[in-house]
Amino acid sequence: MITSRPLDEYCHLFGLTRSALCAVPGPVLDCPGGAAGLAAEARALGVRVVAADPAYAAPLTALTALARHGRDAMAASMTATPHLHLSPRYRPYERYLRSWDRARRLFAADSAAHPERYVAAALPRLPFADGSFALTLSSYLLFAYPGIFPPAGQLAALTELVRVTAPSGEARIYPLHDGTGRRCPHLDELRAALGRRRISSEIQRTPRPGDGRTRQVLVLRAAGHRRRPGPGISPRERAA
Ligand SMILES: C[S@@+](CC[C@H](N)C(=O)[O-])C[C@H]1O[C@@H](n2cnc3c(N)ncnc32)[C@H](O)[C@@H]1O
């Protein structure tokens, strides 16, 4: 499914803020980019984002039609399985879907004007040199669709995301559960295997606005590298 989340939703999902994103000292990778507004919206703030997704091999009209279908599927899911979504009391469904419509339009305009920002590529092999990005974001793929990515594929893809990220940077992955809300059952084994590849992992918990629950983001870094503070919301901000 191709989705079209806007920049502010990305920030909420990954435990980031707009200002933290603006302070990232280098280009940002969004993989999979889907029809998200992130690249277009962040560029307008001065942040250089490259999006990678195998769907970019398709003509733009076909891609935006699939993204429109993804939006309609989300609308249907909100009605059929409301327990999997934030309450409409906190975030009215119509307003949320409008934010996807806007992001999809921004994506379409930006990818037509700047196709070089949207690279057709599929995990677990990305056409970028080692350490190309200061921050790598990966939402709604590796754990959301375990049918596409069995454990060995997840390990290979996570390793690849870290490879293309600068040693001083980090890769953030969300969510850690599939479409039914089931948490990845072998996450501990995956983290242990990453550790053997000298990749450190941390699960950051950030409050989910609206229902008091927390979101869990997997943060990966090349182990042993003296790192600068990451762009995520600090524990003090989280507690506030
Ligand atoms: C649900 S969308 C997520 C898009 C965006 N990250 C978001 O959160 O809205 C999943 C995307 O993963 C892409 N995809 C599927 N297989 C992939 C692979 N092997 N490598 C990278 N992206 C892939 C699909 O084309 C689709 O655009």
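In the predicted model, 49 residues line the largest pocket, and those lying nearest its centre are Arg-5, Tyr-140, Ala-144, Pro-175 and His-177. Two or more lining residues are contributed by each of the elements α1 (7-14), α4 (60-80) and β7 (214-222). The largest pocket holds about 1200 Å³ of space, and its lining comprises 27 nonpolar, 13 polar and 9 charged residues.

Two of the residues nearest the centre of the largest pocket, Tyr-140 and Pro-175, have notable backbone geometry. Most residues other than glycine have a negative phi, and most peptide bonds are trans. Tyr-140, although not a glycine, has a positive phi of about 55°; this residue belongs to the loop between β4 (133-139) and α6 (151-163). Pro-175 is joined to Tyr-174 by a cis peptide bond with omega of about -5°, and is placed in the loop that runs between β5 (165-174) and α7 (187-196).

The largest pocket is also the space taken by the ligand. Around the ligand there are 18 residues, among which Thr-3, Pro-32, Asp-53, Leu-123 and Ser-139 come nearest. By class, this shell contains 12 nonpolar, 4 polar and 2 charged residues. Polar contacts to the ligand involve both backbone and side-chain atoms of the protein. A backbone N or O atom of Pro-32 is 2.6 Å from a ligand nitrogen atom, and a backbone N or O atom of Leu-123 is 2.8 Å from a nitrogen atom of the ligand. For Ser-139, a polar side-chain atom lies 2.6 Å from a ligand oxygen atom. The ligand taken alone exposes 600 Å², of which the protein buries 91%.

Pro-32, whose backbone makes one of these contacts, also takes part in a cis peptide bond: the bond joins Cys-31 and Pro-32, with omega of about 10°. Pro-32 is located in the loop between β1 (28-30) and α3 (38-44).

The second largest pocket contains about 340 Å³ of space. Its lining consists of 16 residues, with Glu-9, His-12, Arg-91, Tyr-96 and Ser-99 closest to the centre. At least two residues of this lining come from each of α1 and α5 (93-113). Helix α1 thus appears in the linings of both the largest pocket and the second largest pocket. The lining of the second largest pocket divides into 6 nonpolar, 2 polar and 8 charged residues, whereas 27 nonpolar, 13 polar and 9 charged residues line the largest pocket.

Conventions
Residues numbered from 1 in each chain as written. Predicted model: local features only at pLDDT ≥ 70, side-chain atom pairs only at ≥ 80, totals over all residues. Heavy atoms only, no water. Near = heavy atom within 4 Å. Polar contact = N/O pair within 3.5 Å; in protein donor to acceptor, adjacent residues only side chain to side chain. Areas by Shrake-Rupley, 256 points an atom, 1.4 Å probe, with all protein chains shown as cover. 1 Å grid on protein atoms, 1.4 Å probe; cavity = no way out; pocket = protein on both sides within 12 Å on 5 of 7 lines; lining within 4 Å. Sits in = over half its atoms within 2 Å of the grid points. Nonpolar A, V, L, I, M, F, W, Y, C, P; charged D, E, K, R; others polar. Points joined across faces, edges and corners; volume = space filled by probe spheres on them. Helix = DSSP H or I, 4+ residues; strand = E, 2+ residues; numbered from the N terminus.
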